[in-house]
Structure formats: structure tokens, C-alpha cells
Amino acid sequence: MRNISVGNYFIHAVLRNVEAHGLDRNTLLQAAGISPELLSQHNARVSAVNFGRLQSIVMREMKDEFLGYGPSRYVIGTWTNMCYSVIHCTTLGHAMARYCRFYQMFEWGLQPRFEINGDEAKFVIEHGNTDHPIGEYGFELIMFNLHRFSSWMVRRHLPLIAVNLEYPAPAHAQEYRHLFLGQAVFFNKPRTEIIFHRSLTELPLEQTEQSLHRFLQHPALVMLIQQYKEKSWTDQVRMIVNKHLIDTPGINEIAELLHLHPQTLRRRLAQEGTTFNEVKTQCRHDTALYHLGRSNLSIESISQRTGFSESSAFTRAFKSWTGMTPQDYRRRM
């Protein structure tokens, strides 16, 4: 999966604070094997390998694992120490709680908190005791690392109920399909959080201190490209729906494709904290963001491609997802 690529936005985000630390953007890009000319090409993409290399180089040169997004440096080695502090936990929930306790020892602009309410487990990102503004990529970096590192620990991509972000949909919102693997992302929410089903907290950790040592040789790259043999039922349903979004099959047809009884599929989706209708909505949401950000298709055409029979229904749905109409979102682009 080394052919995965990331958009121009992420290059700019990683380099955002380098000049304030006396570093030259072009030198850093060339060291990572990326042409400086790509900075001016809005639709340019770079390989995950080169992007991972760039992020590691910038962290090292800035001596800051948070890339200058916090009020103080996030010293090199913090991430490694956190990893070793959680690797011997018995379950994912145990590891996530310890992950949060580890980072609560530092004042770096944001404070993570782990909570369980009913059938939902939540990883909440709160503002620390500082007025320092945290850029969007600061939140994205933390949320991405948490989701991908947690997935690595249990050797499967964790299905999410939702990723809630407290800021409006940014111009690069279509990139969230890659960032969070096509899972539901919502903007303008009261707080920033990742929500997943409580049952996932009981998954046993499948990594060891030996495998962690290998992981830490290239953690950014592993989290960007790692694929797992075991796929959740949510992922399998999402793959089918995405292939047939214009004329989406019902749950009975999808259950047949997966060699399950429909009620069994409903139960397994429920155990992962979702429903068939929620997965279908997530796929529509994800596809809409993609086409609005990467094509000149009309709003009517995009509404059809996302499975809506009328553009007015699509507009209402899109506004409920992002807080703005498709036309407003496109103008922001």
C-alpha cells in the first residue's frame, strides 16, 4: 500500500511553523524527496512514503513532535515513551485510558480525556490552560495518531461511530476520507472527539514490545499505509455501498453477499456501534465531499452520484453534515 498519497494541504500544514524556527522549507522538502514546486500546485499529491519522511524530518529539525502547533515544544521522545507505557496493557480500553493519563502530565495546548457513556467510548480533546490557538492540523494530527495507533495495537482498523470536530468544515475537508478511512466526520460540534462502540475497548492488544520496536523505526509511515487482514463488518458493508452508491442495495442484498442472515448483519453492525442506514449516510457524506473538492460536476450531478434523487434533498443533508450548503462549501474551496 505504498502507493497511497496525501494532498498538498498536508505538506503546507507540516511546514507551517518551520520558518519561525529558522528552518528553510525548500531544504526540508528536498531532504524528504519532495519537489518544492509542489507547494504552489493546489491539486498536487505526494506519496505517503515521502510525506512520512517529511514529517519525521521536520519534527527532528524543530525538536518538536507537535510541529510548533502548541504553546511549548513537544520534546522528541515523548511519543516513544508513551508507546512503551501502553504496550503492556491488556485491552484497548486500558491502553487508551493510560494514553490519556500520559499526555495529561504535559501542558502543550490540548488535553486528551477518555470516557465511557453507555455503549459509547469517547476520546475527547479539550483545550488546555492556555489561550494559544491550535491550528486545524494540530487537532488532525492528534486524532489521526490516536485512531491509527489504536488500530495498530489490535491489528484492525477500528470502526468509528463518529469523528466530531468543533471547527467549521475546512477547504480540505475532502481529505478526511483518507485521514479517517472514510468514516463519519462532522463539523461545528460542541467538542472535538472520536466516538466508537464500547465493545471495542475490550479487544486484547496484539502487539508486543518487540513489534513496537519495529513500529517505532517508521511510525508515521506505518500509520499512513498499514493495512490489516481482518476487516470490520462496518468496513465490509461500506465497501459494498461505495461501489453501488447510485443504486444502493438494501441490507437484505448486502447480507446475502456477505453470506449472513440480515438480522445477523444488523446485530454485528450494532456491536460495532452503527447501523446500515448510518453506514449509507457516511458513504454519501464522504463521496459528496470528495466530488465537491475535486471536480467541476454540477450540484445536481453530485447529488445523483451520492444516491439522492433530488438536489434539494442533497442540499439539506449536506447542510446537516457540515453546517453549510454544497454551494457555500465549494466557494470556500
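**Group meeting talk: a walk through the model**

Let me start with a pair of helices, helix 4 and helix 5, whose crossing is right-handed. Before going further, I should say that this is a predicted model, and everything I describe should be heard with that in mind.

Helix 4 covers residues 78–86 and helix 5 covers residues 92–103, and the two pack at an angle of about 145° with their axes 9 Å apart. On the side of helix 4, the contact is made by Thr78, Trp79, Asn81, Met82, Ser85 and Val86, while helix 5 contributes Ala95, Arg98, Tyr99, Phe102 and Tyr103. If we sort the residues of this contact by class, we find 7 nonpolar, 3 polar and 1 charged.

From there I would like to move to the sheet. In what order do the 5 strands of the open sheet stand? The order is 3-4-7-5-6, and the pairing is mixed. Strand 3 and strand 6, the latter at 185–186, are the edge strands, each of them pairing on one side only. Helix 5, which we have just met against helix 4, also packs on this sheet, where it touches strand 3, strand 4 and strand 7, and its direction makes about 150° with that of strand 3.

Within the sheet, strand 3 (residues 110–117) and strand 4 (residues 120–127) pair in the antiparallel sense over 8 bridges, and one of the pairs to look for is Leu110 with its bridge partner His127 in strand 4. These two strands form a hairpin with 2 residues between them, and in the turn Gly118 has a positive phi of about 60°. Further along, strand 5 (residues 162–164) and strand 7 (residues 192–197) run antiparallel and are joined by 3 bridges, with Ala162 standing opposite Ile195 of strand 7.

Now let me turn to some single residues, beginning with the loop between helix 3 and helix 4, where Phe66 lies. Is Phe66 buried or exposed? Phe66 counts as buried, because its relative accessibility is 1%, and the cut-off for that word is under 20%. Leaving aside neighbours within four places in sequence, Phe66 is in contact with Tyr74, Trp108, Leu110, Ile134, Gly138, Leu141 and Ile142, and you will recognise Leu110 from the hairpin, where His127 is its bridge partner. Phe66 and Val14 are 52 residues apart in sequence, while their C-alpha atoms are 9.5 Å apart in space.

Leu67 lies in the loop between helix 3 and helix 4 as well, and its relative accessible area is 0%, so Leu67 is buried. Leu67 has a positive phi of about 55° although it is not a glycine. A positive phi of about 55° is also found at Asn188, again not a glycine, which lies in the loop between strand 6 and strand 7. Asn188 has a relative accessible area of 42% and is therefore partly exposed.

Finally, let me go back to helix 3, residues 48–62, which holds Asn50. Asn50 is buried because its relative accessible area is 19%, and the limit lies at under 20%. The side chain of Asn50 makes a polar contact with the side chain of Arg53, at 2.8 Å. Not counting residues up to four places away in sequence, Asn50 touches Ala32, Gly33 and Ile34.

Technical notes:
Residues are numbered from 1 along each chain as its sequence is written. This is a predicted model: local features need pLDDT of at least 70, side-chain atom pairs count only at pLDDT 80 or more; totals for chains, interfaces and linings use all residues. Side-chain values use heavy atoms; hydrogens and water are left out. Axes are lines fitted to C-alpha atoms, for helices over the stretch in contact, and angles run from 0 to 180 degrees between N-to-C directions. Helices (H or I, at least four residues) and strands (E, at least two) are DSSP runs, numbered from the N terminus. A crossing is left-handed if the near helix is turned anticlockwise from the far one by less than a right angle, and right-handed if clockwise. Contact means heavy atoms within 4.5 Å. Ala, Val, Leu, Ile, Met, Phe, Trp, Tyr, Cys and Pro count as nonpolar, Asp, Glu, Lys and Arg as charged, and the others, Gly among them, as polar. Two strands pair if DSSP finds at least two bridges between them. Buried means under 20% relative accessible area, exposed over 50%, partly exposed in between (1.4 Å probe, protein chains only). A polar contact is a pair of N or O atoms within 3.5 Å; within protein, one must be able to donate a hydrogen and the other to accept it, and residues adjacent in sequence count only if both atoms are side-chain atoms.
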